[in-house]
Amino acid sequence: MDFRLTESQNMIIEMVKKFGELHITPNSLEWDNKQHFPLDVFKKLGDLGLAGVLVPEEYGGSGFSYLEYIKVIEQLASINPSIALSLAAHNSLCVGHILDFASEEQKKKYLPSLSSGVFLGSWALTEPNTGSDAMRMKCVAEKKNNGWVINGTKTWITNAASSNIIVLLARTGDLLDSKGITSFIIEKNNPGLKVGKKEDKLGMRSSETNELIFDNCFVKNEDIIGAEGEGFIQAMKVLDKGRISIAALSLGISKGAYTAALKYSKEREQFGKQINQFQAIAFKIADMAVMIESSELLLNKACYLLNNNQDFSLSSSIAKYYASESAVKISNEAVQIFGG
Ligand SMILES: Cc1cc2nc3c(=O)[nH]c(=O)nc-3n(C[C@H](O)[C@H](O)[C@H](O)COP(=O)(O)OP(=O)(O)OC[C@H]3O[C@@H](n4cnc5c(N)ncnc54)[C@H](O)[C@@H]3O)c2cc1C
């Protein structure tokens with residue numbers, strides 16, 4: 001592996017940094033306090049080509065690989081994790097599912113608007129009673145009049161309130177049958193679909209997370225992604241790739257917290273010296289740097305395997321696990337360095 005940043009990675013880092021300084025950082029605190037998701041910022045990210053990072057140019061995307069995509073998410077997360085999470089859910093989950101499994105006709109219909117940021121996407125798997133155990137989902141799609149009628153509730157859905165397009169996973173077969181789940185593309189203006197309760201989250205407060213309620217929601221046969229019964233396998237593959245974006249998101253959070261804590265430790269003086277001169281603080285900073293380096297190596301390995309068409313499933317899980325655990329530890333240590 002070559003560890004040097006590519007020209008396009010450097011270009012993306014600079015572009016996102018400048019964008020953040022101008023459009024995000026000045027408003028981050030207010031958005032967080034008000035739990036406001038800035039849809040206009042998502043649209044501007046779309047103007048920069050970041051709403052369809054992995055989508056080939058023929059469908060209106062930027063045609064980048066995961067090498068560039070992880071830098072978009074990492075850099076954005078170091079500035080504002082909420083915006084990065086919303087963009088990652090849009091790119092990795094909704095757009096990623098359509099890109100990897102939809103028909104040519106569906107791709108031509110939806111990807112240009114999703115890639116330009118005209119449309120925001122959601123991906124709906126989780127339900128109130130089924131999180132990790134997604135195969136027991138209760139949201140049901142039943143065949144009727146050349147289409148399907150969907151009933152049930154999805155919860156914890158990122159972008160649900162503002163999105164225009166939803167990729168939905170619903171039960172079409174027997175409970176616990178991995179071939180009993182089908183994925184559908186649903187447009188938000190469907191009269192059988194309502195946005196439900198908004199989650200009052202502890203963190204990532206300006207990424208919106210809501211319930212989606214399906215009440216006799218009718219969709220046509222041609223709204224199925226792939227074939228009936230393929231939804232669960234598709235979802236597992238989408239989540240495999242999604243773990244890489246969550247590892248990048250976590251790495252960005254770690255770098256943002258580390259940079260802020262390091263800067264403060266050089267400015268703050270107690271007992272006549274800068275606090276980074278105390279070993280207790282210096283050890284914290286060293287541990288943070290080691291965790292960041294390790295997270296980045298694991299992320300790069302998973303990304304390298306994916307980009308080279310090798311099995312990346314285990315590596316993406318390890319990268320997500322380590323990088324997200326590290327992000328929590330590093331953020332906690334950063335809070336300690338800031339005192340209070
Ligand atoms: C900010 C945010 C955004 C999200 N966005 C989306 C989205 O866009 N779309 C979507 O579909 N979902 C989304 N989710 C839902 C998310 O994917 C689920 O939270 C996740 O699948 C876990 O489900 P759960 O929260 O119901 O926890 P549970 O599955 O109920 O787990 C509860 C606890 O039990 C543990 N546990 C569960 N099973 C086992 C086991 N077999 N062995 C040991 N321990 C176990 C878990 O580790 C956890 O500690 C989002 C969640 C969050 C927090």
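**Exercise 1.** In this predicted model, decide whether Tyr66 and Tyr69 are buried or exposed, and work out how their rings are arranged.

*Solution.*
Step 1. Tyr66 and Tyr69 are both buried.
Step 2. The two residues belong to helix α4, which covers residues 66-79. They are three residues apart there, about one turn of the helix.
Step 3. A pair of aromatic rings is described by the distance of the centres and the angle of the planes.
Step 4. For Tyr66 and Tyr69 the centres are 5.5 Å apart and the planes stand at 90 degrees, so the pair is edge-to-face. The cut-off for that class is an angle over 60 degrees.

**Exercise 2.** Classify the ring pair of Phe271 and Phe278, and state how exposed Phe271 is and how exposed Phe278 is.

*Solution.*
Step 1. The ring centres of Phe271 and Phe278 are 6.5 Å apart.
Step 2. Their planes are at 85 degrees, so this pair is edge-to-face.
Step 3. Phe271 has a relative accessible area of 79% and is exposed.
Step 4. Phe278 has a relative accessibility of 26% and counts as partly exposed.
Step 5. A search of the whole structure finds four aromatic pairs.

**Exercise 3.** Find which parts of the chain the salt bridge between Lys255 and Glu74 ties together.

*Solution.*
Step 1. Side chains of opposite charge can pair when their charged atoms come close.
Step 2. The N to O distance between Lys255 and Glu74 is 2.7 Å, and the cut-off for a salt bridge is 4 Å.
Step 3. Lys255 is in helix α7 (residues 231-267) and Glu74 is in helix α4, so the bridge ties together parts 181 residues apart in sequence.
Step 4. Lys255 is partly exposed at 23% relative accessible area, whereas Glu74 is buried at 5%.

**Exercise 4.** Describe where the partners lie in the salt bridge of Glu267 and Lys263 and in that of Lys284 and Glu333.

*Solution.*
Step 1. Glu267 and Lys263 meet at 3.1 Å, N to O. Both are in helix α7, four residues apart, about one helical turn.
Step 2. Lys263 counts as exposed, with 52% relative accessibility.
Step 3. Lys284 and Glu333 meet at 3.3 Å, N to O. Lys284 is in helix α8 (residues 279-307) and Glu333 in helix α9 (residues 313-337), so this pair ties together parts 49 residues apart in sequence.
Step 4. Lys284 is partly exposed at 23%, and Glu333 counts as partly exposed at 24%.

**Exercise 5.** Which residues do salt bridges with shared partners join into one network?

*Solution.*
Step 1. The network consists of Lys71, Glu74, Lys255 and Glu296.
Step 2. A search of the whole structure finds 19 salt bridges.

How values were computed. Residues are numbered from 1 along each chain as its sequence is written. This is a predicted model: local features need pLDDT of at least 70, side-chain atom pairs count only at pLDDT 80 or more; totals for chains, interfaces and linings use all residues. Side-chain values use heavy atoms; hydrogens and water are left out. Rings of Phe, Tyr and Trp (its six-membered ring) pair if their centres lie within 6.5 Å; planes under 30 degrees apart count as stacked, over 60 as edge-to-face and the rest as tilted. Buried means under 20% relative accessible area, exposed over 50%, partly exposed in between (1.4 Å probe, protein chains only). A salt bridge is a side-chain nitrogen of Lys or Arg within 4 Å of a carboxyl oxygen of Asp or Glu.
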